[in-house]
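Colleague: I would like to learn how to read the places where chains meet in a model. Could you take me through it step by step?

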Amino acid sequence: MAILDLVRLDKHFGSVAAVSDVAFTVSDGEFMCILGPSGCGKSTLLRMIAGFETPTGGDIRIDGDSIVALGANRRPTAMVFQKYTLWPHMKVFDNIGFGLQLRRLPRAEIKRKVEESLALVSLSGYEERYPAQLSGGQQQRVALARALVLEPKILLLDEPFSSLDAILRVRLREELHRIQRRLNITAIFVTHDQEEALTLADRIAVMNSGRIEQIAAPADIYANPASLFVADFIGAMNLLEGEASGRQVRLGAVALPTPDGIAARQVTVAIRPEDLVVLDGPHPEAWSCAVEQISDLGHYRRAVLEVPQLPPMKIYLPKSLSVQERAALHVYPRRYLIYENGGAPREVSRPLPAAAAALLG
Amino acid sequence: MTAAAPPQSSPSWRKGIIAYLMVAPPLLLMILLIFIPALQSTARTLTIDVNGEPGFSISRYTAFFQDPISVSNLFFTFQVTLITLAAIFILCFPLAIYLRFATGKLAGAVQVLALFPLFVPGIILAYALIRFLGTRGTLDNVLSIVGFTGYRTPYLKPDAIIFGLVWESIPFTVLVLTAGLRQISDSLIESARDVGANSWQIFWRIILPQIARPVLIVFSLNFLGIFGSYTIPYLLGPAAPQMMGVFMQQTFGQYRRPDDAETQAVITFIICAFIGFLYVRTVATQRKREESE
Amino acid sequence: MSAQQLAVPPPPIDGFWSGTRRSFQTMIRRNGFGLIALVLLALVILGPLYSVVLWAFAERWQYPSLIPQVFGLSFWERTFARADIAEALPFSIVLAATVTLISAVICLPASYAFARMKFRGRQLLLLSFLATNAFPRFGLYISIAVIFFRLNLIGTLPGVILIQLVNTLLLMIWIPTAAFQGVDRSLEEAALDVGASPLRVFVQITLPMVMPALSAALLLTFVNTFYEAQGALVVGLPRIVTMPVLMYSLINSQLIVQYGAIVSLVLWAPSLILLILAQRLLRGGYLTAGFGV
Ligand SMILES: Nc1ncnc2c1ncn2[C@@H]1O[C@H](COP(=O)(O)OP(=O)(O)O)[C@@H](O)[C@H]1O
Ligand SMILES: [Mg+2]
């Protein structure tokens, strides 16, 4: 039941600007992911909200009240850390109950709450174990229970599953999702793993070098990356450098039309692999290319195409399309984004050319 | 980095002060009881009273080196130190190598024995060695029972000092060397063997360079420990020549000549300065390497 | 001791890695080395202690015999009836406890600062405590004694406490510093996060986790100080006589052998505690921490 406001938040360590001018609002019950490459300032941002770092500028508000002056121990936030941070000298029960004991809750109530929260993370009956007797996944579940038992207004998670193996990571991710929905708690989840962000988040904030590049729902971010960085960082993308002149962009030996004039000469065209359509034959508007390499990924195949004078391009091929390596293909970019220096892209979406048919497009 | 943080410099500055206040007491104690005495002694031994004014002079040192007893004591200390060091390495190197690579009950028993002296304080050791090595001591006793009657005790001879000092140094030396050897992985040695190196080459080319630091630490600490020893040479050694520790204590405590004792002390400082520096530098670089890992 | 067997490294190394080939031959050689080392070490390490233990319970032991002719405890009574021993023993215990306590009060805050606070020169100051080992010890004591002489601290309790404190610094700072550094900060942050005050975090999270190391540091400091004889000898006499200092005179000028043996045995008790805890102390690396390694 809480709204978090970040107001022009800044943090620098000496001359290193770890977080610059970050401002956004997380609404009640929302699951917000902060996504960005390692070292971009995600942890620093989260640690400022938790109270482990003091901002050098800006404000943090929960339900309208600034919490910057409060120490970490006074804030209505709870954090799950990246590393296993259960206290090794305390049993699971005491690890979870510690915060409740500090609040001088009656014994019976502490017991009830600890049991409840353990049930929530599917670890009922583990009260008497020591952390060293738990697996990594179980430890992180206890850490989650420890954070949730205090009924925080905001739940903060800093890459909580990154030290677990791939299968466990997916399982715990789903479990977290279920718990968050059930408790309807406001949560901020930091990760460098886009898949994690895309599956969990109501909204994603993409961060780069201390700044927010884009905040939007996962589908939005995927369809309309607001910057070249986001386009490159999220999902597979073909990025092609080109020169704009008149109503077209020249890309090596080929060209793409633009809807209206572009001021800048140097632009970058971004094409999702799935927006490259394979045509059934040569066409003046299609690009002729050779299949460089095919990897079979189960339900579909990914191919790398060689287009003359362009970098290798990724494309997805349906399993039904029987194409061998070195075969010639004719592809047609159906949708693409044109990025000028900085700024939002122009989106171009166009129908298949007349008299051409997609090969199972 | 700390300098370039103007907005929040005041709290971190205050934190710095608190940190300095916390480290100050032991630091002051060390300065007062180590650096100042050492420096002051050095300064005082280089000054004499010239008509009520202090003046520079090395007369105290010339006096020391003109006195045959002093010189022979210093020479004796050197001799004992070097022989003891050689004996320590000759004994402890094979032991450490054995303990690094051998497993099982026998190796465990050897280790327990080699480390045992760690738990025998020097003063008790001195007493025990007198009873063990002395005339009609345990060794003499055992030998006479097996029919050997010509036992000549090393007690009150230099040999007893060396025996006692080696005895004391075994555990520390073995511990440090074994720990150093454990840092060398089996695969490193196996791959050297793989390319055709024999044991001797492996020892010189692979093992030794890798444990240079532990060897330096053991060497320097044992050197300093032996050179600055007192209990063992005083209780087990001859009345003359004496090791410097015994000599200094006699000069200071018995003859009540603190000035001369001070000169003797400073001479041991000067001789050991390089070794002490070597010790500090070796430990410091080792710590830095560990910290950066 | 038979240098032939111990001095030459290659034969024992030879087999440790070659594994399968020549394994039988090398196994014999390896075990041969271990066996010889065991026998020699047992003789040399345990022999002296054997004499002490038997002498402590001997009424009469005449040469040549492997064991005393008459066992008995009558000398124990006579030993503790001596005024000097009855006085020195409790005094030594109280003194060692006092020095340990003062050392802890001075050094523990410093070690916390070294581990957890940022300040200029942190690393250098921490390393500077190695200086306590970098001097030939007895020379340093003489140097300190000369200053104490002028300050009238010779033969006083404060003088003895001060000189013994110097020896405790390195251990009491380095072990706790490493322990505090070993506590992951995010464990403390997690406790802050659930609402614990900084003080409570220290008491309930940090302290329990460094407790093993702190107890080891306290125990080792107590035992080392209890056995410290040389500093106390130089600075304490004639008025302050600790138990180890008393041992010097018991050894040197006492015709009754049993006194020394009994006192040695009694004095050995603190070391026995270390011996019992030896495995844990070794595993934590505490036994060599006093040397900076
Ligand atoms: N305590 C600190 N002191 C100095 N620099 C720091 C500190 N914490 C983080 N940084 C720097 O701030 C930047 C962002 O770090 P961080 O927030 O941990 O990134 P992320 O969590 O996205 O990987 C990095 O360049 C890092 O080196
Ligand atoms: Mg991070």
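Modeller: We will go through two interfaces and then one residue, keeping in mind that this is a predicted model.

Colleague: Let us begin with chain A and chain C; how many residues of each are in contact?

Modeller: A useful start is to count the residues on each side, and here 23 residues of chain A are in contact with 18 residues of chain C. One can then look at the area, which for chain A and chain C comes to about 1,700 Å² buried between them, with 63% of it on carbon and sulfur atoms.

Colleague: How many salt bridges does the rule find across the interface of chain A and chain C?

Modeller: For this feature one looks for a side-chain nitrogen of Lys or Arg within 4 Å of a carboxyl oxygen of Asp or Glu. The rule finds two across the interface of chain A and chain C, and one to look at in the structure is the salt bridge in which the side chains of Lys83(A) and Asp184(C) meet, at 3.3 Å from N to O. On the side of chain A that touches chain C, the elements that give two or more residues are helix H1 (42-50), strand E6 (77-80) and helix H2 (92-102) of chain A. The residues of that side of chain A divide into 13 nonpolar, five polar and five charged.

Colleague: And what is the area buried between chain C and chain B?

Modeller: That area is about 9,300 Å², of which carbon and sulfur atoms give 79%, and the contact takes 106 residues from chain C and 94 residues from chain B. Between chain C and chain B the count of salt bridges is zero, while the rule finds 16 residue pairs in polar contact across their interface, both residues being at pLDDT 80 or more. The largest share of the side of chain C that touches chain B comes from H3(C), with 20 residues, and the residues of this side divide into 80 nonpolar, 20 polar and six charged.

Colleague: Now for a single residue: is Ser51(C) buried or exposed?

Modeller: Burial is read from relative accessible area, with under 20% meaning buried, and Ser51(C) counts as buried because its relative accessibility is 0%.

Colleague: Which residues does Ser51(C) touch, not counting residues up to four places away in sequence?

Modeller: Leaving those aside, Ser51(C) touches Arg131(B), Phe132(B) and Thr138(B), together with Trp61(C). Ser51(C) itself lies in helix H3 (residues 23-56) of chain C, and a polar atom of its side chain lies 3.1 Å from the backbone oxygen of Gly47(C).

Note on methods. Residues numbered from 1 in each chain as written. Chains lettered and ligands numbered in written order. Predicted model: local features only at pLDDT ≥ 70, side-chain atom pairs only at ≥ 80, totals over all residues. Heavy atoms only, no water. Contact = heavy atoms within 4.5 Å. Buried area = accessible area lost by both parts, 1.4 Å probe. Helix = DSSP H or I, 4+ residues; strand = E, 2+ residues; numbered from the N terminus. Nonpolar A, V, L, I, M, F, W, Y, C, P; charged D, E, K, R; others polar. Buried < 20%, exposed > 50% of the residue type's maximum accessible area, 1.4 Å probe, protein only. Polar contact = N/O pair within 3.5 Å; in protein donor to acceptor, adjacent residues only side chain to side chain.
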